[in-house]
Each structure stands twice: as structure tokens, then as C-alpha cells.
Amino acid sequence: MMRGWRYWRLKTKLLFLTLFVSTLGIALVCASLIFVENRNYKKQLESELHVIAGILAEQSAAALVFEDNVQLTSIISSLERINTIRQACVYNEQDNFMTSLVGIDEQPCPSLDQRLELGFVDDVYRLLMPVSLGNETVGRLFLSSHLEVLRGHIRTFVWVAIGIGSTILLALVFLALRLQRIVSGPILTLSETAERIAMNHDYSIRAPVSGTDELGRLGNTFNEMIGTIQQQNLRILESRDNLERVVDARTSELSMANRELEAFSYSVSHDLRQPLRAIEGFGQALEEDCGEHLNDVGKDYLRRIRAASVRMASLIDGLLILSRVSRQSMENHSIDLSQMLREITDELKDISDHPPAEIHIQPGMQVVGDSRMLRIVFQNLLGNAWKYSSKEKKRVIEVSATLEGSVIAIEIRDNGVGFDMRYIDKLFVAFNRLHTPSEFGGTGIGLATVYRVIRRHHGTISATSEVGKGASFVVKLPVSGDQR
Amino acid sequence: MDAHSILVVEDNPDDQVLTIRALKSASENSPVIVLEDGQEALNYLFGDEAGHSCRNLDSLGVVLLDVKLPKVSGLEVLKQIRCSPRTNWLPVVMVTSSDEPADLLDAYRLGANSFITKQINYREFTEQMTVLARYWLQINKVPKAGSAPSIG
């Protein structure tokens with residue numbers, strides 16, 4: 001329809017519609033009045049001319065019979081007084097022209113041999129009437145009248161109609177302006193209320209409602225909806241408060257549990273070690289002080305007892321580290337990984353009695369994370385590579401890093417005994433070992449600890465291996481340190 | 001050598017025996033005084049309620065104080081030792097069986113002179129005690145208790 005119709009204000013729309021419909025109505029009424037008036041006036045003109053023609057025909061019948069042209073002219077000239085008559089012609093019995101009265105345009109009288117167009121033609125009304133004497137036709141009378149009077153009449157009528165119509169329209173505009181408030185008022189109030197609610201988020205506001213018509217019902221429904229929203233908001237707030245209370249309670253429970261766990265692991269570390277130390281210590285004292293009373297079997301048993309207590313102690317240490325890396329808070333810093341790896345391998349060379357290895361560490365590797373925890377990770381991974389390659393004649397350990405988008409992938413590769421990929425599921429689970437203690441010593445906690453530290457750094461660890469050909473561990477860490 | 005005795009505060013009887021054995025093998029002539037808990041240590045150093053106070057501490061060369069003790073903890077005893085002008089000059093070596101990082105920090109904050117973790121392997125433990133006794137009793141020098149300037 002009209003461009004921008006939907007951007008118009010409601011008031012404007014209502015006013016426009018009222019004006020459009022009223023103008024259309026007034027125009028239609030005026031047009032039909034003009035039409036009717038025009039027809040009536042024509043009929044009146046027609047009958048007037050017929051009466052005049054009839055009178056003339058009657059007067060001129062005798063003069064026609066006697067072919068008294070002077071008499072005829074005098075009769076017709078009486079028409080001069082009627083100013084609408086344009087032309088009057090008289091014909092005798094043989095349709096020959098007798099006399100005429102010619103008006104302003106001075107056209108010659110038409111010949112009756114041709115067919116004459118009669119009635120309203122263009123701006124002219126034409127009439128041909130037979131002149132009779134008794135039952136005998138003695139001649140014919142032709143009248144032509146112009147319609148200027150009719151036009152003038154209609155013109156006046158149109159002006160009057162336009163005048164009256166405009167007055168009525170003005171009155172209607174005034175009335176419409178007053179009356180449209182009845183309809184648009186409640187809608188505008190409702191819309192203002194809705195805007196206010198949306199702007200202030202104040203759902204306690206209600207729209208004023210009057211009446212029970214559609215607008216009244218709309219207002220009521222609107223208020224009900226706002227009421228529902230208000231109640232729901234209240235309920236949401238209540239449940240949020242509840243949730244916060246629950247979260248607070250859970251948090252304090254959790255931190256209590258955490259404190260208990262810390263106390264527990266402290267006790268474990270202190271109290272479980274003490275008896276082990278006693279077993280080991282008295283075993284040694286026994287061997288030193290009373291060794292001469294023991295035979296070789298007794299000494300072997302004693303050695304086994306002491307070895308078992310040392311193994312148990314390293315298990316406890318491993319568990320402690322595992323529990324510590326799970327609960328300790330992390331401090332992320334940028335770390336020179338290459339430097340850290342060199343330190344770890346130096347330690348390995350110092351404490352280990354395994355044969356030396358060829359170790360390649362890519363220089364310039366950088367990671368972000370908690371240095372204490374990541375040190376534990378790479379101590380374990382390099383320690384494993386060191387341990388499981390110890391039986392090779394020429395052993396090689398390689399550490400390299402590649403950047404994969406926002407992730408750094410660090411690969412630790414050795415050419416040791418490797419492991420069977422069938423048991424990969426057990427690799428990172430605590431206390432699961434893929435080698436017997438007689439093959440390689442270990443607690444089975446190291447890789448579980450590695451896994452937990454990597455998880456806490458939002459990274460991943462994967463391993464691939466082929467039995468007898470070595471193993472490869474790939475640690476992936478986010479470059480920025482904290483990516484969730 | 002004036003200060004040559006060692007005060008050991010250790011609650012566990014096994015550890016007492018093992019510690020004494022290790023210390024004896026290190027320096028046979030040094031007297032070892034063994035106390036069983038924190039309260040006993042405080043009584044020994046500061047005198048008990050019965051009034052047996054003012055024990056002469058001159059002969060003490062070093063105190064081996066277990067971190068975890070019944071009644072009064074080792075760290076609390078350390079605090080008391082450092083608070084009193086009578087004892088604040090004493091060399092104190094904290095001894096623990098766990099390597100809890102928090103304890104380590106607390107001990108040094110309270111003024112410990114040294115902190116060692118008891119080794120499970122008895123040979124290594126003996127080695128620790130030997131080094132310790134040799135350092136604190138033979139190499140290190142401590143002032144006499146009487147010559148310590150009194151504060152306040």
C-alpha cells in the first residue's frame with residue numbers, strides 16, 4: 001500500500017482513514033446528485049421545447065397550407081424572446097424550406113433529404129415536429145436549442161456541492177480529531193505502559209483499563225500477563241537465593257572435606273612412614289648388631305623385609321604426590337621447558353646406575369603452567385623413558401615440541417622395551433602396571449599423577465608404542481596456559 | 001668442647017632407639033637427652049610448675065625437635081624457644097618423617113636453624129645423624145647460656 005504506512009502514528013492513521021472514507025462518501029453523494037440533476041434538467045428542457053414546438057406547429061398550420069411565408073416568419077420570430085433557441089426552420093409538405101429564425105451562429109437550416117440526428121447531440125438539442133391540420137400533415141418544424149443554460153446550471157450545482165462538501169469535511173475532521181481519542185487513547189496508554197515496563201524492568205506497573213470492549217479486554221489480558229511475569233520473576237529470585245544458599249553450603253562442605261583430606265594425607269605421610277622406618281631401621285640394626293647369629297637364609301629374609309619397606313615408602317611418596325597435585329592451587333608462569341628437561345636428565349644421570357643414554361632435547365621450548373607440577377610430569381615421563389630403555393645397548397631419548405594452533409605438543413620418545421597397545425586403557429590408572437617388578441621397578445602411580453597434572457592444565461596426554469621398539473608420549477598443553 | 005650434649009624430643013619409642021643408636025655411632029661420647037613430648041621439652045627448658053627451674057643449659061649443643069609431637073607440637077615448642085631470652089640462642093634442628101612443604105616454611109619462619117626429613121633407609125638416616133652431630137657439636141659454636149644478653 002502506501003510507503004511508510006506502518007511507520008505512521010496510530011492517530012494519523014485513524015485521521016487519514018476517517019478523512020479518506022468521508023471524502024469518498026461526500027464525492028459519491030455529490031456525483032450522484034449532479035447526475036440526477038443533469039437528467040432532470042434535460043427532461044425539463046425537452047418537454048419545454050416540445051410544448052413550444054407544439055404551440056408553434058398549431059399556429060403555423062394555416063399559414064403553411066396557404067404558403068403564407070410572411071405569416072410564417074412573423075410566427076417564428078416570436079421565438080426570439082426565448083434565448084435558448086438557436087435555430088428554428090419551417091418546411092412545407094414537400095419538405096421544402098419555407099422560412100427560418102437563425103440565432104447567433106447563423107448556420108443554414110438543414111435539408112430534410114438527409115437523415116437528421118435528433119435529441120441531445122453534442123451541445124445541442126434538436127427536434128423535428130410535424131405540422132398537422134386535422135389528420136393531414138402539411139409541413140414540418142425544426143427546432144434546435146443550445147445547452148449553455150444547462151451547463152451553467154450544473155456548474156453552479158457542482159460549486160455548491162464542493163462548498164457544502166468541504167464544509168462537511170472540515171466539520172468531520174474536527175469531529176474525528178475529537179472522537180478518535182476514544183479509540184486511540186486506551187491503545188496509546190497501553191503502549192506507553194508497555195514501553196515503561198520494558199525500559200525500567202518494573203513489572204509492578206499496570207495499565208489503566210476502562211470498559212469491557214476489545215480494548216478493555218486487551219488491557220486486562222496485558223495486565224494479567226505482566227502479573228504472571230512479576231510472579232515468575234519473584235519465583236526465579238527466590239530459587240536463585242535458594243541456589244546460592246545451597247552452593248554456599250556445598251562450598252563450605254567441600255572445603256571442609258578438602259581440609260580433612262589434607263589432614264588425612266598429612267597423617268598418612270607421617271604415621272605410615274614411621275613404622276616403615278622402624279622396620280627398616282631395626283632390620284639394619286639387627287643385621288649389624290646380631291648378624292653373626294643369622295645364617296644366610298635369615299640374612300636374605302632380612303634383606304627382603306627391608307627392601308619391602310623401602311618399596312612401601314616409595315608407594316606412600318607416590319600417593320602423596322598424586323594427592324598433592326590434585327588439590328594444590330596452581331600458579332601459572334611461562335616456563336623454559338628445555339632448561340627444565342636438562343635439569344631433570346642431569347638428576348637422572350646423577351642418581352641412576354643405568355648405562356648412559358643419548359638424550360636429545362629440542363632447545364627453546366616454552367610452556368605455560370605450574371612449574372612444580374610440570375616438573376613432576378616430566379620427571380615421570382623422562383624417568384620412564386630412562387628406565388624402560390635401560391636394557392638397550394644404544395639407547396636414545398628424544399624430546400621435541402611442535403606448535404599446533406593454540407596448543408603445543410611435546411613428544412617424549414625412547415627406543416626401550418615399549419608396551420603392548422592392548423593395555424593402553426590401564427596406562428594412566430593408578431596402581432596399574434604393564435611390567436612385572438622383576439622386569440622393571442615402579443609403583444604404578446607415576447603416570448596417574450602425570451595424567452592428573454595434565455588434566456589440571458587443560459591439556460591431554462596420549463601414548464603409542466610397539467613392543468620392543470620403544471614408546472612415544474605426547475603431551476598437549478594450551479599455549480596461553482588457561483583455556484577452558 | 002663445652003657444648004656437647006644433644007637434646008632429642010621424639011615421641012615414638014622406636015625412633016628414640018634408632019635415633020640414639022645413630023647418634024651414638026656418630027659421636028660416642030656425646031650425652032643424648034631424650035624427652036617424649038612437647039610439654040616435657042618445655043618443662044625441661046623453662047622449668048615445671050613444681051619449681052624445678054633454672055636448669056643449666058650450657059651443655060646443650062643442639063636440639064633435635066620432631067615436628068609432630070603429642071600435647072604441644074614441635075613448632076609450638078620452637079616458638080617458645082625463640083620467644084625467651086633464656087633459650088632463643090639454642091640451635092634447633094627440626095626433624096620430620098613427612099616432607100610437607102607447609103611445615104618446612106613454618107619451621108623456618110619460626111626460626112629453625114635446620115630442617116631434615118628422616119630417611120626411610122636406615123643407612124641414610126645414620127648418615128644424616130652423623131653429619132648433623134659432627135656439624136652442630138664439632139664445627140658449630142654456640143654461646144654460653146649465662147653470657148646471653150638478657151632482653152627487657
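The following exercises, with worked solutions, concern a predicted model.

Local features require pLDDT of at least 70 and side-chain atom pairs count only at pLDDT 80 or more, whereas totals for chains, interfaces and linings use all residues. Residues are numbered from 1 along each chain as its sequence is written, chains are lettered from A in the order in which they are written, and side-chain values use heavy atoms, without hydrogens and water.

**Exercise 1.** Determine which parts of chain A supply the largest nonpolar core.

*Solution.*
1. A nonpolar core is a set of buried Ala, Val, Leu, Ile, Met, Phe, Trp, Tyr and Cys residues joined through side-chain atoms within 4.5 Å; buried means under 20% relative accessible area, exposed over 50%, and partly exposed in between (1.4 Å probe, protein chains only).
2. The largest core has 38 residues, of which A:Phe378, A:Leu381, A:Ile410 and A:Phe473 touch the most other members.
3. At least two residues each come from α6 (337–351), α7 (371–388), β9 (396–404), β10 (407–414), α8 (446–456), β11 (460–466) and β12 (470–478) of chain A. Helices (H or I, at least four residues) and strands (E, at least two) are DSSP runs, numbered from the N terminus.
4. The most is given by α7(A), with eight residues.

**Exercise 2.** Establish how the buried residues of α3(B) are arranged about the helix axis.

*Solution.*
1. In helix α3 (residues 74–83) of chain B, the buried residues are B:Gly74, B:Leu75, B:Val77, B:Leu78 and B:Ile81.
2. Viewed down the axis, these residues fall within an arc of 155°, so they line one face of the helix; the arc is that of the directions from the helix axis to the C-beta atoms.
3. An α-helix has 3.6 residues a turn, so residues three or four places apart point the same way.

**Exercise 3.** Identify what the salt bridges of B:Arg21 and B:Glu10 connect.

*Solution.*
1. A salt bridge is a side-chain nitrogen of Lys or Arg within 4 Å of a carboxyl oxygen of Asp or Glu.
2. B:Arg21 pairs with A:Glu288, the closest N and O atoms being 3.0 Å apart. Because B:Arg21 lies in helix α1 (residues 13–26) of chain B and A:Glu288 in helix α4 (residues 214–290) of chain A, the pair joins two chains.
3. B:Glu10 forms a salt bridge with B:Lys118 (2.9 Å, N to O). B:Glu10 lies in the loop between β1 (5–9) and α1 of chain B, and B:Lys118 in the loop between β5 (114–117) and α5 (122–139) of chain B, so the pair ties together parts that are 108 residues apart in sequence.
4. Both B:Glu10 and B:Lys118 are buried, and a network of salt bridges links them with A:Arg277 and B:Asp15.
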